Amino acid sequence: MKVINEMRLKFLSKSSNESFARSVVAAFVLEFDPTIAELADIKTAVSEAVTNAIVHGYRRESGMIYIEVKLTDERDVIIKITDKGVGIEDVKEAMQPLFTTAKEEERAGLGFAVMQSFMDSVKVRSKPEKGTTVTMVKRIVALR
């Protein structure tokens with residue numbers, strides 16, 4: 001698998017930047033001419049990952065969110081979303097549907113489940129007090 005295009009983006013962990021991140025990633029992926037459904041899947045997964053970084057990674061603090069997107073010659077879109085926030089103690093537990101650390105807020109605890117349902121693969125790496133990286137892959141089907 002060879003990377004044929006890539007981009008990097010960094011922005012403050014403000015909720016207003018979630019739609020910005022989703023739009024930038026969607027625009028970059030247009031090179032593969034995805035279907036509307038494929039594009040919607042990517043946008044939804046990016047939204048969830050960025051929202052997790054803002055709400056859970058930085059909680060009420062401010063920090064940077066980093067996005068790296070790579071397009072491969074096999075038509076894979078590889079998206080890495082990283083924060084340098086509080087991290088996740090138990091990634092396996094955090095990925096369970098309905099699990100949330102923001103119990104005082106109205107959070108459904110479905111972020112990772114949503115990402116997994118829309119992407120071909122989702123991997124989460126995290127260390128407490130060091131941050132979290134979510135890596136998602138979506139293969140864009142070639143035009144028929």
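## Ser13 and the helices on the sheet

Leaving aside neighbours within four places in sequence, Ser13 is in contact with Ile54, Tyr58, Glu61, Ser62, Gly63 and Ile65, where contact means heavy atoms within 4.5 Å. Ser13 sits in the loop between strand 1 and helix 1. Its relative accessible area is 8%, so Ser13 is buried; buried means under 20% relative accessible area, exposed over 50%, and partly exposed in between, with a 1.4 Å probe and protein chains only.

A word on the ground rules: this is a predicted model, in which local features need pLDDT of at least 70, side-chain atom pairs count only at pLDDT 80 or more, and totals for chains, interfaces and linings use all residues. Residues are numbered from 1 along each chain as its sequence is written, and side-chain values use heavy atoms, with hydrogens and water left out.

### The overall plan

The protein chain has 4 helices and 5 strands. Both kinds of element are DSSP runs numbered from the N terminus, helices being H or I with at least four residues and strands E with at least two. Along the sequence they follow the pattern β-α-α-β-β-α-α-β-β. Of the 144 residues in the protein chain, 47% are buried. Among contacts with a separation of 6 or more, 66% come from residues 24 or more positions apart.

### The sheet

The 5 strands make an open sheet in the order 1-2-3-5-4, with antiparallel pairing; two strands pair if DSSP finds at least two bridges between them. Strand 1 (3–12) and strand 4 (121–127) are the edge strands, and each pairs on one side only. On average, neighbouring strands of this sheet are turned by 10° against each other, direction ignored.

Strand 2 (residues 64–72) and strand 3 (residues 76–83) run antiparallel and are joined by 7 bridges. Ile65 stands opposite Asp83 in strand 3. Helix 2 packs on the sheet, where it touches strand 1, strand 2, strand 3 and strand 5 (131–139), and its direction makes about 15° with that of strand 3. Such angles run from 0 to 180 degrees between N-to-C directions, and axes are lines fitted to C-alpha atoms, for helices over the stretch in contact. Helix 1 (residues 17–29) lies across strand 1, strand 2 and strand 3, and runs at about 170° to strand 1.

### Two helices side by side

The axes of helix 1 and helix 2 come within 9 Å and cross at roughly 145°. On the helix 1 side, the contact is made by Glu18, Ala21, Arg22, Val25, Ala26 and Val29; helix 2 brings Leu39, Ile42, Lys43, Val46, Ser47, Val50 and Thr51. Sorted by class, this contact of helix 1 with helix 2 has 8 nonpolar, 2 polar and 3 charged residues. Here Ala, Val, Leu, Ile, Met, Phe, Trp, Tyr, Cys and Pro count as nonpolar, Asp, Glu, Lys and Arg as charged, and the others, Gly among them, as polar.

Helix 2 also offers a handy length check. With 22 residues (36–57) at 1.5 Å a residue, helix 2 should span 32 Å, and its end C-alpha atoms are 30 Å apart, which agrees. The expected span is 1.5 Å times one less than the number of residues.

### Residues in and around helix 2

Here are four residues, with their places and accessibilities.

| Residue | Place | Relative accessibility |
|---|---|---|
| Asp33 | loop between helix 1 and helix 2 | 42%, partly exposed |
| Asp41 | helix 2 | 16%, buried |
| Ala53 | helix 2 | 2%, buried |
| Arg59 | loop between helix 2 and strand 2 | 47%, partly exposed |

Beyond its neighbours within four places in sequence, Asp41 is in contact with Phe118, Met119 and Lys138. With the same kind of neighbours left aside, Ala53 is in contact with Tyr58, Ile65 and Asp83. The C-alpha atoms of Ala53 and Lys84 are separated by 8.8 Å, with their positions 31 residues apart along the chain. Ile65 and Tyr58 are also among the contacts of Ser13.

The two loop residues are worth a look in backbone terms. Asp33 has a phi near 50°, a positive value in a residue other than glycine. Arg59 is not a glycine either, yet takes a positive phi of about 50°, and does so just after helix 2.
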